[in-house]
Amino acid sequence: MSGIVEILISVFIVLGGVFGLVGSFGLVKLGNTIQRLHGPTKATTLGIGCALIASMLYFFSSKGSVSFHELLITLFLFLTAPISANFIAKAYIVRNIERHELPASGGEYGWSVYDDPPALNQEKENEGARPGSIT
Amino acid sequence: MIAIALMIAYACFGLGLLFCLWRIAFGPTLSDRILALDTMVINLIALLVLYGIWKGTAVYFEASMLIAMVGFVSTVAYCRFVLRGDIIE
Amino acid sequence: MIGRLIPHPLLSVTLVVVWLGLVNTVTLGNLLLGAFLGLVVPMITAPYWPNRPRLRRPLVAVRYVLVVLWDIIVANVQVAWIILFKRNADFRSHWINIPLDLRSPEAITVLAGTITMTPGTVSAMLAADGRSILVHCLHTEDPDHERDRIKQRYERPLMEVFE
């Protein structure tokens, strides 16, 4: 394994560690729950992305074969992180925030946590409107 | 050199796990605890991947992928339980 | 004929690629098995995909993905910086309400995911009728500017791709 590749791998590993640490530190440091949501969804995801890139480089340089597993894990995490963040935000809003503390939705219907979606037949009329069952 | 970098990263992610644990223990709201659990799972995956580099084998990828999936599903299940009082309707 | 055999070409391709990634070695046997999965799974699950999203302009989609990847990296550095070096008292956190012009559920899902992954914003909730999205901003001086930026940078290309 050549020196440059080794340095590159080390840099990625350390970068991953630092970003992971910062994300988790944000969990402790930030003031309220919604602010805390920002740390893990971003910093930690990049941290793990760096670790996976390092691992890919390592196995490529030591075994000479490209491994797709890391790509799959990265893709999976990048796809699921926003969804779990969204769910956690909703769970928080439902239990801790009153309707009047949020800005108005500006439309006919309020936010989906408080208001029921338009009835099914209406939904077919304004086609393409999101079914409210995805809560 | 990679060994030193791995040690540093282990320390970082380990410390991150401790931070999450702190949030789980003292988190004022339920959502904080769910978020901390989610972050813990992500840190764990990173630790496993780094351990794979350390040992030079690829066997740990299946494990980390499974942990990623189970972690995501459990986070969603927790949140759904909080939102609806039920997981499967 | 092709349409009935491969009801959802994008899903089929994704399945083949994911299968090859899972077994981690590209051999003829694995490719055949992957192709078999890519053919059978969409056929079985076709009833669950009543209206399939159609990608109008693949090139715009590719550009969008690259822009978002770049923004994710920038976002991470920004958020890490904010977490480390800003006192909690200095935060100007805002809830922003963004009215949506997008209508298709897939496009809205992609937009919500993008907002969460990119600088300092987390998408929290949709209006019950899907006409606007609630976004939380970690630190911004000017919420209106942030809203315009999201509409310009992310919603416009999504409009071109999906509608």
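Two strands pair if DSSP finds at least two bridges between them. Helices (H or I, at least four residues) and strands (E, at least two) are DSSP runs, numbered from the N terminus.

This is a predicted model, in which local features need pLDDT of at least 70, side-chain atom pairs count only at pLDDT 80 or more, and totals for chains, interfaces and linings use all residues. Residues are numbered from 1 along each chain as its sequence is written, while chains are lettered from A and ligands numbered from 1 in the order in which they are written.

**Stop 1: the sheet of chain C**

Select β1 (94-99) and β2 (121-126) of chain C, then add β3 (residues 132-137) of chain C. These 3 strands form an open, antiparallel sheet in the order β1-β3-β2. Because β1 and β2 of chain C are the edge strands, with a single partner strand each, one side of each has no neighbour in the sheet. On average, neighbouring strands are turned by 30° against each other, direction ignored.

Now look at β1(C) and β3(C), which pair in the antiparallel sense over 6 bridges. Here I98(C) stands opposite I133(C) of β3(C).

Next select helix α5 (residues 105-117) of chain C, which packs on the sheet and touches β2 and β3 of chain C. Contact between two residues requires their C-beta atoms, placed from the backbone, to lie within 7 Å. The direction of α5 makes about 145° with that of β2(C); axes are lines fitted to C-alpha atoms, for helices over the stretch in contact, and angles run from 0 to 180 degrees between N-to-C directions.

**Stop 2: chain A against chain C**

Select chains A and C: 47 residues of chain A are in contact with 42 residues of chain C. On chain A, α1 (3-29), α2 (33-63) and α3 (69-96) each supply at least two residues of the side that touches chain C.

**Stop 3: chain A against chain B**

Switch to chain B, where 43 residues are in contact with 46 residues of chain A. Elements giving two or more residues to this side of chain A are α1, α2 and α3 of chain A.

Within this pair of chains, select α1(A) and helix α2 (residues 30-55) of chain B, whose axes come within 11 Å and cross at roughly 165°. That makes α1(A) roughly antiparallel to α2(B), a term for angles over 145 degrees. Among the residues making the contact are G16(A), G20(A) and G23(A) of α1(A), and A36(B) and A46(B) of α2(B).

Methods
Parallel < 35°, antiparallel > 145°, perpendicular 65-115°, else oblique.
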